[in-house]
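This report concerns the strand architecture and the charged side chains of one protein chain. The sequence and the structure are shown first.

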Amino acid sequence: MLLMFITIIFCVLACTVYLMYHFQKWPILKRLTRKKWLRKLIGMLFGLFFFFAAFFPPNELMPLFLYMCMGYVVVDAISLLRKDKWLNFRYFDVIVFGCALIICVYGYWNARQIKVRHFKVELNKPLESPVRLIFISDIHLGSTLSQKEFEVLCGRIKELKPDLITLGGDIYDESSPEDLKEYSYAMWQKLMPRYGIYYITGNHEHSSHGPGIDLDLITQRMTAAGVTILMDRAVMVNNGLQLIGRLDSGQSRKSLAELTNPLDKSKPVILLDHRPEKLTEARDAGVDIQLSGHTHGGQLFPFNFVVGLLFENSNGHKNQNEFHSIVSTGLGTWRIPIRTGSSSEFIVLDISGKK
């Protein structure tokens, strides 16, 4: 983890210096002054501005910083390969900036296009009747969804007629407005399907960054709304499904064996675990379906590929010898209200068993 942190810091600083180099060569600066030292100073200040605006809250400029760096890398690489200066014309920097800005605008729009992702799982265990489960994770309430948009979302969920709803963590974070939280509690109560709503916490519900988050108050208000809180415990759903909810792996929690040993393994076992980690452990413990979030599918290109390397399953459905891992890219975004490497989504899972 320390090595990863050092690597990230090094990359960020390298990108900042790289942008400083290009900023000082902007044609508009050459028009303003012929003094090289002044152009270098302005380029350095502009680069530092982007660095602080990108990597300190509220972080909205981070994607622009990223895609300008990528744009300059591409055109510099082409110039080196061609061994000429065909790209060194007066509007070159405007094009790089414009392309980066267009990508960010697209990402802002894309983050608000919520998709419904359907999966069907047939278990080799008896189930009285098919169950429709809706899995929602990583809303980060307030990041992209307004109160009106949240209301529309709940309407879409209700139209799908779920038998139960599971909330996979990071529904709230340290920046979620209190009034929007209160509104969400009322909406969960209105949505209540016949087998209930079940909620586990993610890493952000336990966060102490910024103003922090009052998890005790959230669980009290969720319970009052009829939502079942699963923190390292299992419950039997009316249809015969056994549902386990774990604390986030960043917290001190029970082992999976402690949670699964008392269960009847002849009946379906569904695990809610915020992070899609240690999938083999879940499979060996007799879990049939694990539902996770956390990854956001990388959120920003090219981090979707990086996240794909960090997790055995970072996005979608993976079947391993009758063990089904399903990971959602989440409904909201974290810090940056932009998605260029994944889509905002919630999952509809139709579960059936053998007769």
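The sections below treat the sheets, the salt bridges and one buried acidic residue in turn.

## The sheet from β1 to β5

The coordinates come from a predicted model. Six strands form an open sheet of mixed pairing, arranged in the order β1-β12-β2-β3-β4-β5. Its edges are β1 (114–126) and β5 (228–229), each of which pairs on one side only.

Strand β2 (residues 131–136) has β12 and β3 as its partners in this order. The pairing of β2 with β12 (residues 344–354) is antiparallel and comprises five bridges; within it, I134 has V348 as its bridge partner. Towards β3 (residues 164–167), β2 runs parallel, and four bridges join the two strands. Here F135 of β2 is matched with T166 in β3. Because five of its six residues are buried, β2 is largely enclosed by the rest of the structure.

At the β5 edge, β4 and β5 pair in the parallel sense over two bridges, and Y198 stands opposite T228 in β5. Helix α6 (residues 147–159) lies across β1, β2, β3 and β12, and its direction makes an angle of about 35° with β1.

## The sheet from β6 to β10

Another open sheet of six strands, also mixed in its pairing, follows the order β6-β7-β8-β9-β11-β10. Strands β6 (233–236) and β10 (316–320) form its edges, each with pairing on one side only. On average, neighbouring strands of this sheet are turned by 20° against each other, direction ignored.

Edge strand β10 is joined to β11 (residues 323–327) by five bridges in the antiparallel sense. In this pairing, N319 stands opposite H324 in β11. The hairpin of β10 and β11 has two residues between its strands, and N321 adopts a positive phi near 50° there.

## Salt bridges

The structure holds 11 salt bridges. Side chains of opposite charge can pair when their charged atoms come close. Three of the pairs are listed here with the distance between their N and O atoms.

| Salt bridge | N to O distance | Separation in sequence |
|---|---|---|
| R132 and D350 | 2.8 Å | 218 residues |
| D163 and R194 | 2.8 Å | 31 residues |
| R246 and D273 | 3.8 Å | 27 residues |

The pair of D350 and R132 links distant parts of the chain, with D350 in strand β12 and R132 in strand β2. The strands that carry these two residues are themselves antiparallel partners. R132 counts as partly exposed because its relative accessibility is 22%, which falls between the 20% and 50% limits for buried and exposed residues.

The second pair joins two loops: D163 lies between α6 and β3, and R194 lies between α7 (178–191) and β4. What is the relative accessible area of D163, and is the residue buried or exposed? D163 has a relative accessible area of 11% and is therefore buried. R194, by contrast, reaches 54% and is therefore exposed.

The third pair also connects loops. R246 is located between β7 (242–245) and α9 (256–260), whereas D273 is located between β8 (269–272) and α10 (279–284). R246 is buried because its relative accessibility is 6%, and D273 is buried because its value is 4%. These two residues and R253 are linked in a network of salt bridges.

## A buried acid without a salt bridge

E205 lies in the loop between β4 (197–199) and α8 (215–224). Which side chain of opposite charge is nearest to E205, and how far away is it? K181 is the nearest such side chain, at 9.3 Å, and E205 is buried yet has no salt bridge. Since a salt bridge requires a side-chain nitrogen within 4 Å of a carboxyl oxygen, a separation of this kind does not qualify.

E205 does have polar neighbours. Its side chain makes a polar contact of 2.9 Å with the side chain of Y199. In addition, a polar atom of the E205 side chain lies 2.6 Å from the backbone nitrogen of G202. Beyond residues up to four places away in sequence, E205 touches G169, D170, I171, Y172, Y199, I213 and L215. Y199 thus appears both as a polar partner of E205 and among the residues that E205 touches.

Methods:
Residues are numbered from 1 along each chain as its sequence is written. This is a predicted model: local features need pLDDT of at least 70, side-chain atom pairs count only at pLDDT 80 or more; totals for chains, interfaces and linings use all residues. Side-chain values use heavy atoms; hydrogens and water are left out. Two strands pair if DSSP finds at least two bridges between them. Axes are lines fitted to C-alpha atoms, for helices over the stretch in contact, and angles run from 0 to 180 degrees between N-to-C directions. Buried means under 20% relative accessible area, exposed over 50%, partly exposed in between (1.4 Å probe, protein chains only). Lys and Arg count as positive and Asp and Glu as negative; His and the chain ends are not counted. A polar contact is a pair of N or O atoms within 3.5 Å; within protein, one must be able to donate a hydrogen and the other to accept it, and residues adjacent in sequence count only if both atoms are side-chain atoms. Contact means heavy atoms within 4.5 Å.
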